[in-house]
Amino acid sequence: MKRPTSTRGKAYISFIVVMIILAVIQPLLPPYYRFLLTEIMIYAIFALGYDLLLGYTGLLSFGHSLLFGFGCYGFAWMMRFYGMPFWPALAIAVIVTTALAAGVGAVCVRTSGIYFAIITFIFSFVLFYIFLSLVPITGGDDGFTFIPPPVDLGFISLEFGPVMLYYLALFWMAVAYIVCRRIVSSPFGRVMLAIRENDMRARCLGYNTYGCKVVVFMMSGLFAGLSGGLFAYLNHFVNAHYFEMYRSLFVLIWTMFGGVGTLVGPMLGAGIITLLTDYLSTLFRMQWGGVHLIILGIILIVITIFLPKGILSIPERVRRRAKKEA
Amino acid sequence: MASEFILETKGLTKAFGGLKALTDVNLTLRAGELRALIGPNGAGKSTLINHIIGRLHPTSGKIFFKGEDITGIPTYKALGKGISSTFQTTNVFPRLTVRENVWIAAQSPAKRRLNPLVHYKSLKDVEKQVDKVLKWVHLERIADEPAGERSHGEQRVLEIALGVATEPDLLLLDEPTQGMAAKESVDIARLVKLISKDRTIMLIEHNIDFVMQVVESITVLHNGSILVEGTPKEISDNEQVQKVYLGEE
Amino acid sequence: MVASAVIASGILNGVVWGLIIIVISLGMCLILGLMEIVNMAHGEFYMAGAVVSFYIVQWTGNWWLSLPIAFAVLAVMGLGWERGVLKHVEGDVIRTIIVTFGMSLIIMYTAHLNIVFGATSYRIPNPVPFNIVLPWFTYSGFRTVSGIIAVAILVALLLFLFKTKFGLWIRAGRTDKEMTSAMGIDIGKVSVATFMIGSAIAGIAGALVVSVAAVNTYMGMEALVYAFLVVIIGGLGSLKGTVIAGFIVAMVDSLGGILLTPLWAKVILLSILIAILVFRPKGIYGVWGE
């Protein structure tokens with residue numbers, strides 16, 4: 001849609017405003033919510049990559065838990081076995097996950113739609129099982145911890161701590177958003193949309209849709225790896241459950257709930273759903289363990305049927321309804 | 001190796017199991033021609049087009065474009081060579097606007113078309129092309145409407161716009177007037193004649209009036225082989241063709 | 001046990017497991033072929049069947065009775081989900097998958113609730129009082145019975161599909177939905193019935209394993225992965241492919257588990273999948289899968 005420059009300017013301003021708000025409220029947050037918000041911002045990065053794949057290119061993946069887990073372990077292994085400092089370890093996590101995404105993508109992307117969803121599901125489920133069993137490498141159920149190094153910025157070294165982590169996550173979330181925004185408004189972004197709307201036609205118009213889809217899968221892997229690495233750092237602990245299926249489910253719910261194909265929606269969804277899950281799981285304790293997941297399942301169904309474009313589409317629907325009645 | 005023909009098929013044969021869809025088709029097209037491919041249903045017209053753009057691979061035979069062997073080329077490479085096609089069933093990008101649809105087509109030959117770092121609007125040459133094509137096909141008024149919501153006729157026009165926007169040397173149109181009313185077909189006829197000025201066009205059509213008015217030459221396909229070729233006058237006088245169409249075969 | 005006996009029983013286990021996987025996968029294949037729906041909750045229907053059977057055994061002590069009951073309960077459940085939920089996203093493949101994923105969550109975690117089933121696994125005591133005595137080893141009577149019943153179900157299903165009018169409608173719909181509809185057959189009703197049948201046989205399959213496999217709320221997801229593997233390797237939409245792939249997958253899993261380790265069996269299965277995707281994306285007999 002042709003966006004007059006004023007709307008583009010508005011979007012950037014709202015982005016800056018939100019970043020400032022998030023930066024400023026930090027000291028006011030109780031430690032529990034500061035930690036939760038840090039987690040949410042890391043999840044937002046994961047969701048952004050996922051939206052590139054689902055929202056803009058139309059590929060539904062159930063395998064992102066695999067990529068996230070790889071990011072976590074990529075980082076953790078570098079810590080544990082090589083004692084690497086923060087930045088190289090993070091870089092390795094991202095590179096390794098992107099490479100994995102390239103490999104998996106190259107195989108899976110030949111198919112599309114339901115086939116693709118099924119295959120990514122199989123991959124992530126089976127590999128989770130395999131990683132769970134490879135105890136010497138992954139630590140299995142128990143996992144392993146590592147000593148989190150400080151973040152070295154050259155002129156200053158930031159010790160591992162909740163405040164630093166918050167701003168680290170905020171920084172990366174901002175960077176991830178800006179990069180994704182650029183990708184999506186670029187000529188390549190046009191091709192992503194074309195693939196989503198009509199893959200065959202895009203091919204007949206000269207685009208190598210297979211190659212492009214692999215690239216998008218790699219991009220979404222990059223963000224999954226980044227968020228995985230940061231997540232591992234945040235918890236300075238990993239276990240095989242970081243590969244578990246439910247993360248694929250969650251990222252899907254965040255994206256559908258917030259608004260697929262909007263970049264902002266999935267980030268918002270990550271926030272709201274995580275807070276909601278947190279609230280519900282304290283409300284219903286062990287006795288009813290899993291009720292929050294039942295509720296999430298219901299939310300997913302309701303959103304998919306009645307609000308397929310997520311909560312961000314509500315203002316537009318209201319406007320359209322008002323116009324119709326006028 | 002220059003060839004006198006822009007498109008040439010040699011012995012093109014396609015068999016689906018026991019069914020022979022195309023048998024030894026030797027088609028030639030000169031640059032700048034405006035040719036129609038006609039024939040009864042099942043004659044193999046769409047099959048032939050699908051071979052040229054690489055969606056089907058022949059059982060035997062070859063296809064040459066500008067002298068180069070393009071047999072079995074992957075579909076997306078066909079455009080790079082200069083071949084564009086439109087489809088019998090409307091095949092646009094439904095939830096994107098008309099302008100965005102044309103943009104994707106126009107962006108295709110551009111340099112930096114897969115660049116993820118610049119803003120797509122910075123490709124000014126593409127923008128100019130989009131405006132030009134929209135004007136040609138008279139779709140400016142609905143440029144910002146989602147393509148999928150437009151009328152059938154408008155979508156058929158958009159189909160052609162997508163084919164033209166890539167500035168191909170050879171444009172293949174599969175039933176451009178499919179499902180259209182008489183008045184709309186006249187507009188399409190005018191459009192086709194307009195865009196034929198700078199390129200070679202081969203179109204498939206069932207609308208014989210359209211064909212007779214618009215094209216310079218006709219190839220008649222029947223049961224997977226070329227029955228006869230000639231000018232519109234020659235074809236309409238041809239008894240064999242009449243028999244084939246009246247189903248007396 | 002002697003090595004050959006171990007292998008022999010491994011093979012037999014593979015056969016029985018294969019039959020059960022085939023039953024589950026055929027249910028999925030029928031639904032997929034006719035309605036183009038990937039039911040992510042299909043595994044949960046299998047689990048639900050096991051849970052139902054478990055309770056019937058608890059209340060009546062009669063396992064045999066639980067089979068038709070599981071069938072009926074799951075048929076009704078399938079009907080409920082189809083009309084209540086799936087109907088609303090008909091035609092939109094992606095949204096349908098997402099919705100069925102939501103369904104699987106709800107079913108799985110409802111079963112997880114302590115008042116329903118809870119988080120622990122149970123196995124019911126062996127309802128088959130005899131074992132099959134073969135020349136050099138003894139094979140579980142229960143597994144034998146399960147296998148036989150599974151075969152019976154498959155035969156019944158094949159007879160239904162190929163010898164009855166309704167089965168003909170289903171097959172016609174799989175080949176060409178529009179044409180079948182144009183011939184005056186109510187495709188909508190056929191689809192709903194197919195969904196019910198597919199779900200019901202998944203339920204029975206669940207009932208067939210209650211004395212062997214651990215009945216727990218995660219068995220659904222596991223079964224789903226197996227069903228997916230079978231459907232992809234066999235070829236989306238192909239009945240023949242599903243049967244053959246079912247045996248392959250089960251054999252690899254069973255024999256691999258015995259001769260190597262369960263882990264290696266999974267690795268091999270994954271490698272087969274990758275090989276298929278790279279060299280034969282349509283699966284062995286695939287009709288779809290472009």
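**Entry 1, the β5–β6 hairpin of chain B.** I began at a single pair of residues and noted that B:Phe65 stands opposite B:Glu68 in β6(B). I kept in mind from the outset that I was reading a predicted model. Looking at the strands around that pair, I found that β5(B) and strand β6 (residues 68-69) of chain B run antiparallel and are joined by two bridges. The hairpin they form has two residues between the strands, and within this hairpin B:Lys66 takes a positive phi near 50°.

**Entry 2, the other partner of β5(B).** I then looked up strand β1 (residues 5-16) of chain B, which pairs with strand β5 (residues 60-65) of chain B in the antiparallel sense over five bridges. For one position along this pairing I wrote down that B:Lys10 stands opposite B:Lys62 in β5(B). I added a reminder to myself that in a regular strand the side chains alternate between the two faces of the sheet.

**Entry 3, the two domains of chain B.** Next I asked myself how chain B is divided. The assignment gives domain 1, made of 1-81 + 168-249, and domain 2, made of 83-167. I looked up the separation of the two, and their C-alpha centres lie 24 Å apart. Across the boundary, 23 residues of domain 1 of chain B are in contact with 17 residues of domain 2 of chain B. On the domain 1 side, the elements giving two or more residues are α1 (45-52), α2, β8 (170-174) and α6 (182-195) of chain B, and the largest share, five residues, comes from β8(B). Sorted by class, that side of domain 1 of chain B has 16 nonpolar, three polar and four charged residues.

**Entry 4, the nonpolar core.** I went on to the largest nonpolar core, which has 286 residues, and noted that B:Val102, B:Ala161, C:Ile20, C:Leu229 and C:Val249 are those with the most contacts inside it. Both domain 1 and domain 2 of chain B give residues to this core, so it lies between them. I followed one of the named residues further: leaving aside neighbours within four places in sequence, C:Ile20 is in contact with C:Ser146, C:Ala150, C:Ala205, C:Leu208 and C:Val209.

**Entry 5, how the chains meet.** Which chains share the most contacts? Of the two pairs of chains in contact, I found that chains A and C share the most. Chain B and chain C do not touch, and their nearest C-alpha atoms are 12 Å apart. Turning to the contact between chain B and chain A, I noted that 32 residues of chain B are in contact with 23 residues of chain A. On the chain B side, α2 (75-81) and α3 (98-107) each supply at least two residues, and α3(B) gives the most, with five residues. By class, the side of chain B that touches chain A has 17 nonpolar, ten polar and five charged residues.

**Entry 6, chain A as a whole.** I closed with chain A, in which there are 13 helices and four strands. The C-alpha atoms of chain A fill a box of roughly 60 × 50 × 45 Å, taken along the principal axes. Because a compact globule with 326 residues would have a radius of gyration near 20 Å, the 20 Å of chain A agrees with that expectation. Buried residues make up 52% of the 326 residues in chain A. Among contacts in chain A between residues at least 6 apart in sequence, 79% join residues at least 24 apart.

How values were computed:
Residues are numbered from 1 along each chain as its sequence is written. Chains are lettered from A and ligands numbered from 1 in the order in which they are written. This is a predicted model: local features need pLDDT of at least 70, side-chain atom pairs count only at pLDDT 80 or more; totals for chains, interfaces and linings use all residues. A nonpolar core is a set of buried Ala, Val, Leu, Ile, Met, Phe, Trp, Tyr and Cys residues joined through C-beta atoms within 7 Å. A residue is buried if 20 or more other C-beta atoms lie within 10 Å of its own, exposed if 12 or fewer, and partly exposed in between; C-beta atoms are placed from the backbone. Domain bounds come from an automatic or database domain assignment. Two residues are in contact if their C-beta atoms, placed from the backbone, lie within 7 Å. Ala, Val, Leu, Ile, Met, Phe, Trp, Tyr, Cys and Pro count as nonpolar, Asp, Glu, Lys and Arg as charged, and the others, Gly among them, as polar. Two strands pair if DSSP finds at least two bridges between them. The radius of gyration is taken over C-alpha atoms; the globule rule is 2.2 Å times the number of residues to the power 0.38.
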